[in-house]
Amino acid sequence: MSQHAVRFQHLDRDTMSPPTFAVRQAGAADIPVLAQHRAAMFRDMGKLPSSLEEPLEQATASFLREAMPRGEYLAWVAEDHETPPSTIGGAGVQLRPILPRPRDGADGLELGPEAIVLNVYVEPAWRRRGVADALMRAALQTLTERGIRRIVLHASADGRRLYERLGFMPTNEMRLDPR
Ligand SMILES: CC(C)(COP(=O)(O)OP(=O)(O)OC[C@H]1O[C@@H](n2cnc3c(N)ncnc32)[C@H](O)[C@@H]1OP(=O)(O)O)[C@@H](O)C(=O)NCCC(=O)NCCS
């Protein structure tokens, strides 16, 4: 079975009924929807003027066309069970080289790469049904299998509780916004 065919199935948490969606690793054919998700995510977070939606989508697609074949960006999509299936959400991970550093709270050195979780987005009609949780668990499973231990993200207000439940904790990162 190819990597892209691996599907993660999830029972509904409350009813334990058969899953109404499935998660799979994304490929090049998913780049347009992944780029749409990026614009939609910033729009829903109130951080993207409508005039920049199209430019952000195009710039993201162009970035992903380079980064995905190089293995520097991994992505997952959730699909409904319609025929043909529609994409209802997605999540991505950018793998970034880091300068070697001591491993936080453990012996040895962290040599990287570091994974930064990006582009977590679920269509409004599908929210609060565990889709983002399933996407994140698929991503974390792959990162664990690859031995990638340093995983960071910037949480939106909507996403914070989800990430906390998965074990993410606030860090000491600071940011300068030059004026
Ligand atoms: C943040 C976002 C990705 C979450 O997606 P989601 O699919 O709704 O997330 P989940 O369903 O896994 O979890 C959301 C909530 O639904 C709850 N939930 C999950 N399955 C449920 C179910 N079957 N029944 C009822 N509630 C459920 C979760 O417990 C969680 O509750 P909490 O936030 O009060 O702790 C989505 O709101 C979104 O796309 N927002 C806009 C973009 C954004 O902010 N992205 C994150 C960037 S960091």
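A biologist and a modeller talk about a predicted model and the ligand in it.

Modeller: This is a predicted model, in which local features need pLDDT of at least 70, side-chain atom pairs count only at pLDDT 80 or more, and totals for chains, interfaces and linings use all residues. Residues are numbered from 1 along each chain as its sequence is written, and side-chain values use heavy atoms, with hydrogens and water left out.

Biologist: What pLDDT does the chain average, and what is it over residues 1-6?

Modeller: The predictor's confidence in each residue, pLDDT, runs from 0 to 100; the chain averages 92, and 89% of the residues score at least 70. Over residues 1-6, however, the pLDDT is below 50. Where pLDDT is low, the predicted coordinates should not be read in detail.

Biologist: Which residues are the closest of those that surround the ligand?

Modeller: A residue is near a molecule if one of its heavy atoms lies within 4 Å of it; 25 residues surround the ligand, and the closest are Val 120, Arg 128, Gly 130, Ser 156 and Arg 165.

Biologist: Why is the pair between the ligand and Val 120 called a polar contact?

Modeller: A polar contact is a pair of N or O atoms within 3.5 Å, and a nitrogen atom of the ligand is 2.8 Å from a polar backbone atom of Val 120, so this pair meets the definition. An oxygen atom of the ligand likewise lies 2.9 Å from a backbone N or O atom of Val 122.

Technical notes. Contact = heavy atoms within 4.5 Å. Polar contact = N/O pair within 3.5 Å; in protein donor to acceptor, adjacent residues only side chain to side chain.
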